[in-house]
Amino acid sequence: GTLKLRRRRTALGAGLAALAMAAGLAAVPAQAVDKTKYIALGDSFAAGQGAGPYLDACYRSENTYSELAADTKAIKLVTNAACSGNTTQDVVNAQLGRLNKSTELVTITAGGNNLGFGTIVTTCGAAIADPTAAPACNKASSDAAAMIGSGQLAGDVISMIQSVKAAAPNAKIVVTGYPYLYAPVIP
């Protein structure tokens, strides 16, 4: 309970800090800055799934970092286009239409679904209670590791970022990461 809350706060703080730096809040007083036009792209972490309450079927939450950043005096959230379950290709195909030359700031959190994050969570969660589910967990985990090891995920993310840059050529692009869900296991 408390550890989850601390991790969520840490992830939220990191996201807001990245936005503050990207918008130049640290260097200029808020009253002297025009609002930066900001668009959030990505998957469930960018949409705010888990933060509830939800605004739509994409599990966009009013409590995600993009919505909270919009409460600052320097950032104007044009839209949170993120949608739970989206892969990097889904971001390119379904979310880039919101970008244009006047977009000044874009955040992107995507790539976990390319690895089958949902499958890993469900199969490995099931394996905790039912050891017969372990082979499915091992397969999902090894498939994800192979995608990372081969460079395919990195290529997918780079391609997505290049597409964002083409759609919003004047924007500062901030790629946000994922929180650590578990402490590293070191043998």
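When I talk about the angle between two helices today, I mean the angle between their N-to-C directions, and the axes are lines fitted to C-alpha atoms, for helices over the stretch in contact. Okay, keep that in your head. One more thing before we start: what you see above is a predicted model.

So, with that definition, let's go straight to a pair of helices. Take α4 and α7: their axes come within 8 Å of each other and cross at roughly 20°. What does that make them, parallel or antiparallel? Angles under 35 degrees count as roughly parallel, and α4 and α7 are therefore roughly parallel to each other. The crossing of α4 past α7 is left-handed. Who makes the contact? On the α4 side we have Thr88, Val91 and Val92, and on the α7 side Asp156, Val157, Met160 and Ser163. Sort that contact by class and you get 4 nonpolar, 2 polar and 1 charged residues.

Let me zoom out for a second. The chain has 187 residues, and buried ones make up 36% of them. There are 7 helices and 4 strands. Reading from the N terminus on, the order goes α-β-α-α-β-α-β-α-α-α-β. And here's a number I'd like you to hold on to: of the contacts between residues at least 6 apart in sequence, 72% join residues at least 24 apart.

We can look at two examples of residues that meet across a long stretch of sequence. Asn100 sits in the loop between α4 and β3, and β3 covers 105–109. Its C-alpha atom is separated by 5.7 Å from that of Ala167, and Asn100 and Ala167 are 67 residues apart along the chain. Leaving out residues up to four places away in sequence, Asn100 touches Ala167 and Ala168. Is Asn100 buried, exposed or partly exposed? With a relative accessibility of 35%, Asn100 counts as partly exposed.

The second example is Ala171, in the loop between α7 (152–167) and β4 (172–175). Ala171 and Thr103 are 68 residues apart along the chain, and 5.6 Å separates their C-alpha atoms. Beyond residues up to four places away in sequence, Ala171 touches Thr103, Glu104, Leu105, Val106 and Lys165. And here the accessibility is 6%, so Ala171 counts as buried.

Right, on to the sulfur. A disulfide is a covalent bond between the sulfur atoms of two cysteines. How many disulfides does this structure hold? It holds 2. Count the bonded cysteines along the chain, and the pattern is 1-2, 3-4.

Start with Cys58 and Cys83, whose sulfur atoms are 2.0 Å apart. This link is left-handed, with -80° about the S-S bond. Where do the two ends live? Cys58 is in the loop between α2 (44–47) and α3 (65–69), while Cys83 is in the loop between β2 (75–80) and α4 (88–95), so the disulfide ties together parts that are 25 residues apart in sequence. Cys58 is buried, with a relative accessible area of 14%, and Cys83 is buried with 14% as well.

The other disulfide joins Cys124 and Cys137, again with sulfur atoms 2.0 Å apart. The torsion about its S-S bond is about 90°, so this disulfide is right-handed. Here the ends sit in helices: Cys124 in α5 (residues 117–129) and Cys137 in α6 (residues 134–150), so the pair ties together parts that are 13 residues apart in sequence. Cys137 counts as buried, at 13% relative accessibility.

That brings us to α5 and α6 themselves. They pack at an angle of about 150°, with their axes 8 Å apart. Anything over 145 degrees counts as roughly antiparallel, and α5 and α6 are therefore roughly antiparallel to each other. The way α5 passes α6 is a left-handed crossing. The contact uses Thr119, Ile120, Thr123, Cys124 and Ala127 from α5, and Ala134, Ala136, Cys137, Ala140, Ser141 and Ala144 from α6. Notice that Cys124 and Cys137, the disulfide partners, are both in that list. By class, this contact has 8 nonpolar residues, 3 polar and no charged.

So, two helix pairs to take home: α4 and α7, roughly parallel, and α5 and α6, roughly antiparallel. Now find Cys124 and Cys137 in the structure above and look at the disulfide they form. Thanks, everyone!

How values were computed:
Residues numbered from 1 in each chain as written. Predicted model: local features only at pLDDT ≥ 70, side-chain atom pairs only at ≥ 80, totals over all residues. Heavy atoms only, no water. Disulfide = S-S within 2.5 Å. Buried < 20%, exposed > 50% of the residue type's maximum accessible area, 1.4 Å probe, protein only. Axes fitted to C-alpha atoms, helices over the stretch in contact; angles between N-to-C directions. Parallel < 35°, antiparallel > 145°, perpendicular 65-115°, else oblique. Left-handed = near helix turned anticlockwise from the far one by under 90°. Contact = heavy atoms within 4.5 Å. Nonpolar A, V, L, I, M, F, W, Y, C, P; charged D, E, K, R; others polar.
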